[in-house]
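Reader: I like to see the reasoning behind each label on a model. Could you walk me through it?

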Amino acid sequence: GFAKKVLGTVQKANVADLCLYMTVKSVSGGSWDYIDADYFDQFPGIKATCESIADDERVKAYYASLEK
């Protein structure tokens, strides 16, 4: 919920969390025209939420499976 996002940790991600993660990952990767890659640096709660999702073992396993 909202409190977990403000604190920067996600114990159980939902679809909205994953959509946020993918959007931030895409923007930060420079994939969006006219939006600076560091745009989300001004939102530490969002960045922390995304880092929490990126640290999830299931997310790591998914990205590892793409490298094969």
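Reader: Which residues in helix 3 are buried?

Author: Keep in mind that this is a predicted model. In helix 3, the buried ones are Thr 49, Cys 50 and Ile 53. They sit on the same side of helix 3, because the arc they cover around the axis is only 95°.

Reader: What makes Cys 50 count as buried?

Author: Buried means under 20% relative accessible area. Cys 50 comes in at 7%, so the label fits.

Reader: And how do you know that Cys 19 is partly exposed?

Author: The partly exposed class lies between the under 20% and over 50% limits. Cys 19 has a relative accessible area of 46%, so it lands in that class.

Reader: How many disulfides are there?

Author: The count is 0. To score, a pair of cysteine sulfur atoms would have to be within 2.5 Å.

Reader: Which residues make up the largest nonpolar core?

Author: Seven places to look at: Tyr 21, Val 24, Val 27, Phe 40, Cys 50, Ile 53 and Val 59, 7 residues by the count. Helix 2 and helix 3 each bring in at least two of them, and helix 2 has the largest share with 3 residues. As a general point, nonpolar side chains in soluble globular proteins tend to be buried together.

Reader: Now the surface. Which residues form the nonpolar patch there?

Author: Trp 32, Ile 35, Tyr 39 and Phe 43, with about 340 Å² of accessible area together.

Reader: Why does Phe 43 qualify for a patch, given its relative accessible area?

Author: Patch members need over 30% relative accessible area. Phe 43 has 32%, so it passes that cut-off. Its class is partly exposed, and Phe 43 is found in the loop between helix 2 (15-28) and helix 3 (44-54).

Reader: What makes the contact between Lys 47 and Asp 41 a salt bridge?

Author: The rule asks for a side-chain nitrogen within 4 Å of a carboxyl oxygen. The closest N and O atoms of Lys 47 and Asp 41 are 3.1 Å apart, so the pair counts. Lys 47 is partly exposed at 25% relative accessible area, and Asp 41 is partly exposed too, at 47%.

Reader: How many salt bridges does that rule give?

Author: The count comes to 3. One of them joins Arg 58 and Asp 56, with the closest N and O atoms 2.8 Å apart. Arg 58 has a relative accessible area of 61%, and exposed means over 50%, so Arg 58 is called exposed. Asp 56, at 24%, counts as partly exposed.

Reader: Why is the contact between Lys 60 and Glu 57 called a salt bridge?

Author: Their N to O distance is 3.8 Å, and the limit is 4 Å, so the label holds. Both residues lie in helix 4 (residues 57-66), 3 residues apart, about one turn of the helix. In general, an α-helix has 3.6 residues a turn, so residues three or four places apart point the same way. Glu 57 is exposed at 57%, while Lys 60 is partly exposed at 41%.

Reader: What is the phi of Tyr 34?

Author: Positive, about 70°, although Tyr 34 is not a glycine. Tyr 34 is found in the loop between helix 2 and helix 3.

Reader: Is Tyr 34 buried or exposed?

Author: Exposed means over 50%. Tyr 34 has 86% relative accessibility, so it counts as exposed.

How values were computed. Residues numbered from 1 in each chain as written. Predicted model: local features only at pLDDT ≥ 70, side-chain atom pairs only at ≥ 80, totals over all residues. Heavy atoms only, no water. Patch = residues over 30% accessible without salt bridge, like charges linked within 9 Å, V, L, I, M, F, W, Y side chains within 5 Å. Areas by Shrake-Rupley, 256 points an atom, 1.4 Å probe, with all protein chains shown as cover. Helix = DSSP H or I, 4+ residues; strand = E, 2+ residues; numbered from the N terminus. Buried < 20%, exposed > 50% of the residue type's maximum accessible area, 1.4 Å probe, protein only. Arc of directions from axis to C-beta. Core = buried A, V, L, I, M, F, W, Y, C linked by side-chain atoms within 4.5 Å.
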